Amino acid sequence: MSDTKEQILSFLDKCEELKSCKFIMATTKIKDLLKCIVNCPDLYRLFEAVTKDFNYLAAKSKCLVTVNDGIFTRNYVVLPDTVGQRLAFIFCLLVEFDKDNINLNDFLRQYFPEDGSYFASYQAFCNTIVKGLQDCISQVFREEIAIIEQEVEKNSRAGEISSALSVALSQETDFITNCKIADEEKENGLKMLTALAKNLKSGSIDNIDALLCGYSYFVLNNKCVSEGVAELIELIEAYEKTL
């Protein structure tokens, strides 16, 4: 599952690279995208399945549309309705670009003329073809992508808590350092804070709980409760939940 998630994420990143690259690099990025499919077993099996009985020539006649209103001829692309056929058509089309069976420049001029510039044509191509591919893959692997998004959100939250916790520990250390208590007690308090920081970094929950309990007793016993100690405890408890 982990490998699949990483490979799907990598594939979607390749799609983004294809969409954002300069037009001159498009064919290289298409090649990279196809390699990504080959290197991901789940993607490879998916495209193998959707293309197995797919009639690409028939699909081209329906998807690559030419209309004439008696004055002007207009060409445009209509993607298939179903996810499977859409994946198959886009894949086969990209393979033709990769093999140069269809010249990408000519294809853009014919089906995505836009304002006459390659930049605008390429953007229109990406918004239809590449985004269509992304949307289909996102739909097929929605569970894997949902897990990725949850992990990203969790890591982001953990990072925020970690930064706040680092500040809170530093402030608490300064408070104890300047606190008017016996030097021996002060040294014990600083040792506990140092140990807390070390165990938070290593994720040793049992040690964290024991140290936190000991530090709570220490500040109460020595009547050296800082204004930030309650927030420090809350941050530590919140950070433990991210481990």
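Before the hairpin, one term: two strands pair if DSSP finds at least two bridges between them. Keep that in mind, and note that what you see is a predicted model.

Start with the pair itself. Strand 1 covers residues 64–68 and strand 2 covers residues 73–77. Five bridges join the two, and the strands run antiparallel. Within this pairing, Val67 stands opposite Arg74 of strand 2. Four residues lie between the strands of this hairpin, and Gly70 there has a positive phi near 100°. In general, side chains in a regular strand alternate between the two faces of the sheet.

Now the rest of the chain. How many helices and strands does the chain have? Eleven helices and two strands. Read from the N terminus, four helices come before the two strands, and the other helices follow them.

Next, the overall shape. The radius of gyration of the chain is 29 Å, whereas a compact globule of 243 residues would have one near 18 Å. Along the principal axes, the C-alpha atoms fill a box of roughly 95 × 40 × 25 Å.

What about contacts? Take those between residues at least 6 apart in sequence: 66% of them join residues at least 24 apart.

Then the surface. Of the 243 residues in the chain, 39% are buried. The exposed area is about 14,400 Å², with 51% of it supplied by carbon and sulfur atoms.

Last, the charges. The chain has 26 positive and 37 negative charges. The mean positions of these two sets are 5 Å apart.

Notes. Residues numbered from 1 in each chain as written. Predicted model: local features only at pLDDT ≥ 70, side-chain atom pairs only at ≥ 80, totals over all residues. Heavy atoms only, no water. Rg over C-alpha atoms; globule rule 2.2 N^0.38 Å. Buried < 20%, exposed > 50% of the residue type's maximum accessible area, 1.4 Å probe, protein only. Contact = heavy atoms within 4.5 Å. Areas by Shrake-Rupley, 256 points an atom, 1.4 Å probe, with all protein chains shown as cover. Lys, Arg positive; Asp, Glu negative; His and termini not counted. Charge placed at Lys NZ, Arg CZ, Asp CG, Glu CD.
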